[in-house]
2 protein chains.
Amino acid sequence: MKLYDGGRAPNPRRVRIFLVEKGITVPTEQVDLGALQQRSEAFTAINPMQRVPVLVLDDGTVIAESVAICRYFEALHPDPPLFGRGALESALVEMWNRRAELHLLFPVAAVFQHLHPAMKQMVQPQVPDWGEANKPRVTAFLQFLDRELKDRPFVAGTSYTIADITALVAVDFMRVSRLVVPEELGNVRRWHQAVSARPSAAA
Amino acid sequence: MKLYDGGRAPNPRRVRIFLVEKGITVPTEQVDLGALQQRSEAFTAINPMQRVPVLVLDDGTVIAESVAICRYFEALHPDPPLFGRGALESALVEMWNRRAELHLLFPVAAVFQHLHPAMKQMVQPQVPDWGEANKPRVTAFLQFLDRELKDRPFVAGTSYTIADITALVAVDFMRVSRLVVPEELGNVRRWHQAVSARPSAAA
């Protein structure tokens, strides 16, 4: 198999962190997003959505979408469980991973894509008002998350899961989007320190 | 348990269709989105994200997010499988469900939320340019899906899955968003007729 990776972009990093947490090594090829290599004819044939990461299996089967790739590895290597175990725990991990995506990662990405000058060529049309509209959504979710993290160590409960990976990648990407975690959100800061101290965070 | 439902909105309908396909009946309470009941103090205490659907278990545990609710029922009632079976099939269903969300349902919803006059009060700020920017994304994805559906009956493969539910709900919501499926996309139209003919589509 081969993983098409994409450097510092948030979604490829989600999969890399996941693989380190699982202790899995996968042959990897870098796709140069700065050079728009993901829009080349060769890569478009692999993923018509022109996005990374993508996992290509030995028989040529293509698995796109970060969370789909992670689920594939979760099924092959169930330990440690990063999607929860059992009906309820799995549902709560799904809920928190989606909340972290919809209300944190996607808004942080929208701020970057629609306001950063470096994205002018990549994102057409850039809609600066949409970028601005997403800034307060990021803060609002972090405030909510801070209240939740008062009583538990990780985003979805007592164990580290894919929801922590999504939230970590989102918070780290805030710097690129020129956003900051408000000083007073002590629980988010404590959680961020803890998940950043894991070896996987270097991925 | 109790399902907080939300009338004609797309996400609550995803869960209702899922439940009919599974043959599961759940006690339901309607949340009046038109009256902004999802922003009431009582409902915000249940889901601080102020969104439906939400499933509340008998012990008070809250499962929000449509797909998290569906996964919970999938684990309790595995037949018929609507999230795929085995590592590869499950990954491909996840991939297609996410593609149907990210590139179809969310763009269709963005067109509605940011361009429809009825959404002025609900969506603040409305960003009409963002609504417009999403229109071509809808068409582009439907063209891609049409090529894919040339060789298979359902969005994620040979079986009906949650990816079909997401895509059906999105396509049906296009009417509300004042969008149309291009006449020439015969495979999408054939698929849409087939999934609309299932009893679950009435949900």
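The exercises below concern a predicted model and treat a sheet in chain B and the relation between chains A and B.

**Exercise 1.** State in what order the strands of the open sheet of chain B lie, and find which of them are edge strands.

*Solution.* Strands of a sheet pair through backbone hydrogen bonds, either parallel or antiparallel. In chain B, 4 strands form an open sheet in the order S2-S1-S3-S4, and the pairing is mixed. Strand S2 (28-30) and strand S4 (62-64) of chain B each pair on one side only, and these are the edge strands. From one strand to the next, the twist averages 20°.

**Exercise 2.** Determine how strands S1 and S3 of chain B run relative to each other, and name the bridge partner of Leu3(B) in S3(B).

*Solution.* Strand S1 of chain B covers residues 2-5 and strand S3 of chain B covers residues 54-56; the two run antiparallel and are joined by 3 bridges. Within S3(B), Leu55(B) is the bridge partner of Leu3(B). A helix also packs on the sheet: H3 of chain B, residues 66-76, touches S3 and S4 of chain B. The direction of H3 makes about 120° with that of S4(B).

**Exercise 3.** Work out what kind of axis relates the two copies, chain A and chain B.

*Solution.* Two copies of a chain are related by a rotation about an axis and a shift along it. Here a turn of 180° and a shift of 0.0 Å along the axis lay chain B on chain A, with an RMSD of 0.0 Å. The copies are therefore related as by a two-fold rotation axis. In chain B, the C-alpha nearest this axis belongs to Trp130(B), at 3.2 Å. Both copies use the same surface, since 100% of the contact residues of chain B recur in chain A.

Notes: Residues numbered from 1 in each chain as written. Chains lettered and ligands numbered in written order. Predicted model: local features only at pLDDT ≥ 70, side-chain atom pairs only at ≥ 80, totals over all residues. Pairing = 2+ DSSP bridges. Axes fitted to C-alpha atoms, helices over the stretch in contact; angles between N-to-C directions. Contact = placed C-beta atoms within 7 Å. Least-squares fit on C-alpha atoms with pLDDT ≥ 70 in both.
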